[in-house]
Amino acid sequence: MNKRRLVERFWKALMIASTAVVIGCLLFIVVTVIWKGLPALSLSMITRIPKGGYYLGKEGGILNAILGSLYLALGATALACVLSLPVVIFLNVYCRKRSRLAELTRFSFDVLWGIPSIVYGAFGFVLMVYFGMRTSLLAGIVTVALLEVPIMSRAIDEVIKLVPRELKEASYSLGATRLETSLKVIIRQCLPGILTGILIAFGRGIGDAASVLFTAGFTDRIPTSLGQPAATLPLAIFFQLGTPFPEVRQRAYASAAILTILILFISVLARVLSRRYTKHVIR
Amino acid sequence: MNDVRSHLSIRNLNVFYGDLQVLKNISLDIPDRKISVIIGPSGCGKTTLLKSMNRLLDHVDEVRVDGEVLVDGEDIYGPNVEVTRIRKKMGLLSQKPQVLPMSIYDNIAYGPRIHGHRDRKRLDFIVRNYLSAAGLWEEVKDRLHHPASRLSVGQQQRLCLARGLAVEPEIILGDEPTSALDPQSSQRIERRLVELKKDYTVVVVTHILRQARRIADYIVFLYLGELVEHGPAQDVFANPRDPRTRAYLTGEIS
Amino acid sequence: MRLLKEKAGRTVMFILTVLPTLLLVLMFFGLFRKSRAILALKSFGGLLFSSGWHPLRGEFGLFPFLIGTLWVTAVALVIAVPISLLMAVYLSEYAPRGFRDFAKPLIDLLSGIPSVIFGVWGVLVIVPLVGRIAPLFGRYSSGYSVLAGGIVLAVMIFPTIIHVALEVFSAIPFPLREASLSLGATRWETTRHVVLRKGSQGIIAACVLGLSRALGETMAVLMVVGNVPAAPKSVFDAGYPLPALIANNYGEILSVPLYDSALMLAALVLFIVVQTFNILARWFLVRAERRAE
């Protein structure tokens, strides 16, 4: 009898320890990054571009990476939206439940979702070479958009799937076409879910380094057109962390802190959005 | 009636789900070696009462129980009680048969093994013995090592009964045990329960009045969480004292 | 007019819907086309299993990188699988509801943290730690090692495994647990014999998904694993996984003949391997679902 109790206790203790390890790692990561990054953050850090080259120059800030990342992620997310929303609507409104096309497309999304971002990077590179482009903001935007499409589509698909059939039928019975129903009823009904999906994709896009390594390049300057290369926060961390100069590493720490805070903010925002706006949604 | 020694009694039992009180101050002695049937309209707390008897409510979130449930005079909600020992005293038949993901043989042997039986011959005997008691032995003796999930639903429920008996309980709890079964399988289960009452105390929840009339020795009528009436089955069916019981028995409330 | 819009909208959407599938095909053939240049000169098997990596001499043996990938992934799985499964079991079978509601968002948060941030953490915390403990095992290590890569990777795949495992466990009907509990089984006995057994297919799927995630993970590993193109002999040696190889050589990619082709071949191999595991995981999940019925 006692042995069974002991076994029970033993496993429970092991489980609690594992849980503590996982949550501890999360806290450890966040604390390490913030603790290293906060002292490095200053006004000049976030308002200036690096001086004398990002790898060697000991002065200046990371404005190039902040703006570059924002341009890139905003552009990519916008492009991904334009590509994903119509597809998801088509799958849910126009396709029959078990249509071949819908199943194939959903399968493709699943497969695309599982592809490592470095492979997207390599593919972006192939495309770039094929079109004779150089590393540029545009190439980065396209590659990151491709990476975001499956993430966004799957998230939005989950939400739109849940729209009750009666709601669609109510709209049809008023004489609305499917397009009108989609735009005016379904999108409105699912807005919080759609926004959450977009935010998740944005977070993934702004944090991804492997896909922009080949395609967006890196530069000290702030891009002024789509044809120029652009710096990004993840790469700012990656390149500048490896230098022997503490001053340059400060820029990496600052970038890491900013990126982490940004990601935490986006996660919380996505959560709040999906909770808050469900009030107005018909169940 | 007082000279019936009762090894299952309930004293001042209150159960809350969050803020909602689902059982209100219930006190009750379940007679030994009889079939007691808990009846009442759906949502009146029948299943909750049954599950409070072997502390399965512990596993439901946000449930609060106070009062006492005495098994052989010991309060199972007391501070130093080992839950597993209490549960071992009671076999449970749930609404849908819940076969464990293993072979027919292992389903029966599961309980005895957990409680320390390792001897192969002994286990073989237990499996055969209780499958027979549940009236299933003849049907499955050639495929004891097939997955239990391949049995029909009716057979699965009898397997669950055998599995419950194999831990040598004193009490059998049935939570609408025939609700997922066809009439023929239901009848088989009912017949088994009637046979088993010579060795066991049986408590069954049902919403089928005719079933209650067929098998009950003792009736417990719950209405909106209150214990309205309880007594020997003939008495309650023949002349219910409370108007609500009468209304339920005549089908005015359901 | 309205009907015209409807028709136009439908056509545009239809065309866009074909795109994801097309993208997948394009990706495969794009990478394949690029890697043909090198496959024309050398056999596929020869490239995979030769270990000389001297781009300037035209030798592109991928073997050390495959071994590096295997090592790092194996270390990550050894760490991540037990911890993740134990936590998933704790959350689904033991934890009070309040704690579950608190922990789930944290896991989502962990999965949202960018790869480079894990890399930073690895460089600042794990690498020195590994450098410190290596002498205890009688070895010298700079810290930049397979073990460091494996630890960082393990933390990155915690959320994947936990998430899938939780879903698998929650699909197991509650009354089944009650059946076991009512026989006097303890919670752990119920978990082991009923929950884990019933969910076995799904658990395999969760681990395979974690595996495929680990195989493709690039930046964090790249930053801590050391990147020496030779097969590691112990977990304290540096390794050089396949994704790190691709990422690390973007600079020279166009200046050395066949270099780009070799890297694209590496990407193609990665693509195929990861997809194989993903599809395997899906297959297990489908089987798990069918079993649950």
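**Exercise 1. Arg4(A)**

Classify Arg4(A) as buried or exposed, and state which residues touch Arg4(A).

*Solution.*
Step 1. Arg4(A) has a relative accessible area of 12%. Buried means under 20%, so Arg4(A) is buried. This value, like every other one here, is computed on a predicted model.
Step 2. Place the residue: Arg4(A) sits in helix α1 of chain A.
Step 3. Look up the contacts, leaving aside neighbours within four places in sequence. From chain B, Arg4(A) is in contact with Thr84(B), Ile114(B) and His115(B). From chain C, the contacts are Gly184(C), Ala185(C), Thr186(C) and Glu189(C).

**Exercise 2. Lys36(A)**

Classify Lys36(A) by its relative accessible area, and find its contacts.

*Solution.*
Step 1. Helix α1 of chain A covers residues 2-37, and Lys36(A) lies in it.
Step 2. The relative accessible area of Lys36(A) is 30%. Since partly exposed is the class between under 20% and over 50%, Lys36(A) is partly exposed.
Step 3. Not counting residues up to four places away in sequence, Lys36(A) touches Tyr253(A) and Leu124(C).
Step 4. Compare sequence with space: 220 residues separate Lys36(A) from Ala256(A), yet their C-alpha atoms are 8.9 Å apart.

**Exercise 3. Helix α3(A)**

Compare the length of helix α3 of chain A with the expected value, and decide whether the helix is enclosed or open.

*Solution.*
Step 1. The helix takes in residues 63-94, which is 32 residues.
Step 2. From first C-alpha to last, helix α3(A) reaches 45 Å. At 1.5 Å a residue, 46 Å is expected, and the two values are close.
Step 3. Of the 32 residues of α3(A), 23 are buried, so the helix is largely enclosed by the rest of the structure.

**Exercise 4. Strand β9(B) and its partners**

State which strands pair with β9(B), and in what sense each pair runs.

*Solution.*
Step 1. Strand β9 of chain B spans residues 218-223; it is mostly covered, with 5 of its 6 residues buried.
Step 2. One partner is strand β3(B), residues 35-39, which pairs with β9(B) in the parallel sense over 4 bridges. Within this pair, Ser36(B) has Tyr218(B) as its bridge partner.
Step 3. Another partner is strand β10(B), residues 226-232, joined to β9(B) in the antiparallel sense over 6 bridges. Here Val220(B) is bridged to His230(B).
Step 4. Examine the turn: the hairpin of β9(B) and β10(B) has 2 residues between the strands, and Leu224(B) takes a positive phi near 50°.

**Exercise 5. Strand β6(B)**

Decide whether the faces of strand β6(B) are covered or open, and identify its parallel partner.

*Solution.*
Step 1. Strand β6 of chain B runs over residues 90-93. On one side are Met90(B) and Leu92(B); on the other are Gly91(B) and Leu93(B).
Step 2. All of these residues are buried, and both faces are therefore covered.
Step 3. Strand β7(B), residues 171-175, runs parallel to β6(B), joined by 4 bridges. Leu93(B) stands opposite Gly174(B) in β7(B).

**Exercise 6. Chains A and C**

Describe chains A and C by their elements, dimensions, burial, contacts, surface and charge.

*Solution.*
Step 1. Count the elements. Chain A has 11 helices and 0 strands, while chain C has 12 helices and 2 strands.
Step 2. Order the elements of chain C. Two helices come at the start, then the two strands, and helices follow to the end.
Step 3. Take the dimensions along the principal axes. The C-alpha atoms of chain A fill a box of roughly 70 × 65 × 35 Å; the C-alpha trace of chain C spans about 80 × 70 × 35 Å.
Step 4. Read off burial. In chain A, 54% of the 283 residues are buried, and in chain C, 57% of the 293 residues.
Step 5. Consider contacts with a separation of 6 or more. Residues 24 or more positions apart supply 73% of them in chain A and 72% in chain C.
Step 6. Examine the surface. Chain A exposes about 13,200 Å², with 65% from carbon and sulfur atoms; chain C exposes about 12,200 Å², with 67% from these atoms.
Step 7. Count the charged side chains. Chain A has 31 positive and 13 negative ones, and the centres of the two sets lie 6 Å apart. Chain C has 25 positive and 14 negative ones, with centres 5 Å apart.

Conventions. Residues numbered from 1 in each chain as written. Chains lettered and ligands numbered in written order. Heavy atoms only, no water. Buried < 20%, exposed > 50% of the residue type's maximum accessible area, 1.4 Å probe, protein only. Contact = heavy atoms within 4.5 Å. Areas by Shrake-Rupley, 256 points an atom, 1.4 Å probe, with all protein chains shown as cover. Lys, Arg positive; Asp, Glu negative; His and termini not counted. Charge placed at Lys NZ, Arg CZ, Asp CG, Glu CD. Expected span 1.5 Å × (residues − 1). Pairing = 2+ DSSP bridges.
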